[in-house]
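Biologist: Please take a close look at one part of this model, the contact between chains. Then work outward from there, step by step.

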Amino acid sequence: MSDIYRYKTEPLKAWTKAKEIRDNYYREYAEAKQNGKLRWSGSGITLCALVKGFGDDIVRITGEPYGATIGYNPKFALECQEATETKGYARDMCAYLRNYWGSMWVDKYAFGGPFPKPDFLYTSMFCCMQAKWYQRVAEEENIPYHASDFAMGKVADTWDKDWRVEYVANQCFDSIEWLEKTLGRKCDEEKVIKAIYDECRATALWSKICMLNQAKPAPLDEKTMYSLYVLTILDKSSPVIADFYEELLAEVQYRVDNQIAAVPTERCRVMHDSQPPWSFLKLFRYMEKFGVVSVGSYYTFCLGSAWDYIDGHMVPAKTPQEQGIQFKNMEEAIRFYAEWNVRRRPIVESMHAAQPKIDYTLSIARDWHADGAIMHFNRGCEGISLNCAEVRGAMVKAGIPVMVYEGNHADDREFDENAAISRVEAFMERLGLKKLVD
Amino acid sequence: MITAGIDVGTKNTKTVIVKDNEIIGRACILTGFDLNETAEKALQEAIASAGITRDQVEEVVSTGTGRKSVTFADRNVSEVSAAAKGVHYLIPSVRTVIEVGAEEGRAVKVDSDGKALDNALNEKCAAGAGSFVEAMARALETTVENLASISLNSVESVPMNAQCVIFAESEVVSLIHQKVPKQDIARAIHDAISGRISSMARTVGIDADVALVGGVAKNIGFLKSLKDHIGVEIVVPEQPEYVGALGAALQ
C-alpha cells in the first residue's frame with residue numbers, strides 16, 4: 001500500500017439500500033393517486049407519528065429535503081427561485097422554501113412530471129419560515145392545513161418547566177382531532193403508539209451511528225452521512241427507516257471494529273457547520289485530497305436524532321424500549337413523545353440561543369477529535385446559521401482552528417466556488433497539510 | 001538558493017527574487033488578460049533587476065488571485081500564508097497582518113514563527129478594498145495620492161451612509177453638490193473603507209504589532225483612518241505591495 005494510504009477502506013454496503021429507500025419515498029409520493037393513496041406534506045420535524053394513526057395509505061413529502069434535492073440541481077433550483085421571487089418574495093428567505101414554492105408554481109416535480117399536489121398539510125412550526133411555508137401552499141392550492149407549535153429554544157429559566165412539554169402534548173391532541181375531522185377517519189391509537197416507538201428508535205439509532213464516528217479512523221465521512229441522516233427527515237416514524245438504521249449501525253460498528261476508514265488517507269479530522277451548499281458537495285471530496293475527513297457536524301448529528309447532554313457530552317437518548325417503558329395508553333405515549341421532541345432534539349434548542357449550539361459544537365470537536373472546523377456561513381437558513389459568529393468565536397477561544405466560507409445551502413447564486421476552494425486551500429496550509437493526490 | 005515569488009493580483013502582478021533569504025530583485029506590472037503571460041513578464045523584469053539569468057531561479061512560487069494560472073510555477077500558496085511569511089521576514093514582531101489590495105482585504109493572525117493562526121477574508125465586497133478608493137478618486141476628479149493627502153487636512157467627520165461602492169459614488173456626488181469640502185469627503189471615503197477593514201480585523205483579534213500591507217497601505221489617508229479605527233499603532237513595511245510576493249518566495 002502506498003505511504004499516503006494509512007487505512008483500508010471499502011464502500012458502505014448500506015449505501016444502496018439508503019438510496020433505494022429515498023427513491024421509493026419520492027416515487028410513492030408522486031404515484032400516490034394512481035395507487036389510491038393520500039398525499040401529505042409538512043416539515044421534516046413534524047410530529048409525524050400522529051399521522052401514522054390514520055392509515056397506511058398516507059404518503060408524505062417533507063419540505064426541507066425536497067428543497068435540498070432541488071438545490072442539488074442548480075438549473076432547476078434557479079427556475080424555482082425565480083418563480084418565487086417573481087411572486088414578490090424576498091431572496092433572503094429560506095432557500096428550501098423558495099425551491100419548494102417555486103416547484104409548486106412552475107408545476108414541476110424534481111423527479112419528473114408535474115408537482116404532486118398534497119391532499120392535506122400538517123406540520124410543526126419551529127422557525128419563522130416554517131410558520132408560513134405550508135400556510136401559503138394551503139392558500140395557493142386550497143388544501144386543508146393545520147400546524148402545531150414547538151416549544152423552541154433552550155431558555156435557561158424555562159428549560160425544565162413541564163409546561164413546555166404540556167404545550168406540545170396538548171397540541172398533539174388538537175392535531176389528532178383536526179386529522180380525524182379532515183380525513184374523516186378515527187385515529188388508531190395503537191398505530192400512533194407504535195409509530196412513537198419507531199420514531200424514538202430511528203432518531204436514537206442515528207445518534208448511535210454518529211457516536212461511532214468518534215473512532216479513528218472515521219468509518220463514515222460527512223458527505224456520505226448526508227445521504228443517511230436525511231432518512232429521519234423524510235419520515236422519522238417509519239419502521240422501514242428505523243430497521244434500516246439497525247442494519248447501518250451494525251455495519252458501521254463492523255467498520256470500527258475492523259479499522260475500515262471512510263477516507264483511507266485520513267490524517268486530519270475536521271467538523272463542518274450548517275447545511276452544506278448542496279450543489280457543491282465536492283468540497284468534501286476536495287478536502288480528502290489533503291487527507292482530511294469531515295467527521296460530522298452539529299447539523300448532521302442533531303437534525304434527525306435524539307440526544308441527551310450529560311456533563312458536557314452528547315449521549316444518545318434512551319428510547320422508551322431501552323428504559324423498559326411500555327405505554328399504557330395514548331396519553332402516556334403522547335406525553336413521552338412531546339418530551340422526546342422538546343428536550344431531546346438539540347436542533348430546536350439552538351435556533352433561539354447561542355449557548356446550546358456552542359456547547360454541542362465544542363462537545364463534538366472534543367469527542368469526535370476534530371483538528372479543525374469548517375464553518376459554512378449559510379445565508380440560506382436563518383435558524384441553523386443563528387449565532388454562527390458566536391460559535392466561531394467560541395471555537396477559536398477553545399484553540400480550535402476554524403475556517404469560514406460563505407454561501408447558501410440551496411441557492412447557487414450565492415455561492416462562489418473558487419473563493420470557497422481558495423479558503424479551503426489557505427486553511428489546509430494553516431493546518432500544515434499538503435495535497436496528497438491530484 | 002534563488003527563488004522567485006509571484007503575486008498575481010487583480011490589478012498588479014508583483015515579483016520578488018530572493019537569494020539565500022536576501023531580496024535581490026523585484027518588479028511590478030499591470031496584470032493583463034493573460035495571467036500566465038503577465039507573470040512571465042513580471043518574472044523577467046524582476047530577474048533583470050536582480051542581474052541574474054532565468055535558469056538561475058531554482059523555484060518559482062505563485063500566490064494571489066491568479067496563482068493557479070501561472071503554469072510555470074513549481075507550486076502555489078495562498079495569499080494568507082504568503083502575507084504571514086512575508087511580514088514575518090520584514091517585521092518579526094508583527095502578530096496581526098492587515099492586507100488590503102485592489103479587490104480583496106484580509107486580516108491574518110500570525111505567531112512568532114510567521115505561521116498563520118487565523119484569518120478573515122473579504123473577497124466579495126469592493127467597498128472594503130482599493131478599488132473603492134480609486135472609484136471615489138475618479139468621482140472627485142483627482143488621483144488616489146491626492147485624495148489621501150487632502151484627507152489629512154479634514155477637520156470634520158462626515159458619515160458615508162452608502163454600504164455599496166456603486167451607491168457611494170452617488171453619495172459623493174451629493175456631498176459635492178452640498179458643498180462639503182473636498183478634504184472632508186476624502187476623509188469620509190477613507191473612514192468608510194477602514195471601518196469595514198477594522199471590523200474584519202476584529203474577527204481575528206487585533207494584537208500588536210499590527211502591520212498594514214498591500215497596495216492600499218501606501219495610502220496615507222487610509223493609514224491614518226485605520227489607526228484611528230483600531231486604536232493601535234500600525235507599521236507599514238517598505239514597499240508593502242510586495243509582501244505577498246516576498247512571502248511566496250520565502251515558502
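Modeller: Two residues are in contact if their C-beta atoms, placed from the backbone, lie within 7 Å. Keep in mind that this is a predicted model. By that cut-off, 8 residues of chain A are in contact with 9 residues of chain B. On the chain A side, the largest share, 7 residues, comes from helix α17 (residues 417-430) of chain A. Sorted by class, the side of chain A that touches chain B has 4 charged, 3 nonpolar and 1 polar residues.

Next comes chain B. Its domain assignment gives domain 1 (1-76) and domain 2 (92-237). The centres of these two domains of chain B, taken over C-alpha atoms, are separated by 27 Å. Each domain of chain B gives 4 residues to the contact with the other. The residues that domain 1 of chain B contributes are 3 polar and 1 charged, with no nonpolar ones.

Chain B also has a strand with neighbours that can be followed one by one. Strand β6 (residues 96-100) of chain B is joined to strand β9 (residues 210-213) of chain B by 4 bridges, and the two run parallel. Here Val97(B) has Ala211(B) of β9(B) as its bridge partner. Strand β10 (residues 234-235) of chain B also pairs with β9(B) in the parallel sense, over 2 bridges. In that pairing, Val210(B) is matched with Ile234(B) of β10(B). In a regular strand, side chains alternate between the two faces of the sheet. In β9(B), Val210(B) and Leu212(B) lie on one side, Ala211(B) and Val213(B) on the other, and all are buried, so both faces are covered.

Back in chain A, there is an open sheet of 4 strands in the order β3-β2-β4-β5, with parallel pairing. The edges are β3 (58-62) and β5 (145-149) of chain A; each has a single partner strand, so one side of each lacks a neighbour in the sheet. On average, neighbouring strands of this sheet are turned by 20 degrees against each other, direction ignored. Strand β4 (residues 120-125) of chain A pairs with β5(A) in the parallel sense over 5 bridges, and Leu121(A) stands opposite Tyr145(A) in β5(A). Helix α6 (residues 162-183) of chain A packs on the sheet and touches β4 and β5 of chain A, with a direction about 170 degrees from that of β5(A).

Two other helices of chain A meet at a steeper crossing. The axes of α3 (residues 74-86) and α4 (residues 95-105) of chain A come within 7 Å and cross at roughly 85 degrees. Angles of 65 to 115 degrees count as roughly perpendicular, so α3(A) is roughly perpendicular to α4(A). Residues making the contact include Cys80(A) and Thr84(A) of α3(A), and Trp101(A) and Trp105(A) of α4(A). By class, this contact has 5 nonpolar, 5 polar and 2 charged residues.

The last element is helix α2 (residues 63-71) of chain A. Because 8 of its 9 residues are buried, α2(A) is largely enclosed by the rest of the structure. Among the buried residues are Glu64(A), Tyr66(A) and Ile70(A). The cover over the buried residues of α2(A) includes β2 (38-42) and β3 of chain A, along with α3, α4, α5 (130-141) and α8 (222-235) of chain A.

Key. Residues numbered from 1 in each chain as written. Chains lettered and ligands numbered in written order. Predicted model: local features only at pLDDT ≥ 70, side-chain atom pairs only at ≥ 80, totals over all residues. Pairing = 2+ DSSP bridges. Axes fitted to C-alpha atoms, helices over the stretch in contact; angles between N-to-C directions. Parallel < 35°, antiparallel > 145°, perpendicular 65-115°, else oblique. Nonpolar A, V, L, I, M, F, W, Y, C, P; charged D, E, K, R; others polar. Domains from an automatic or database assignment. Buried ≥ 20, exposed ≤ 12 C-beta atoms within 10 Å, placed from the backbone.
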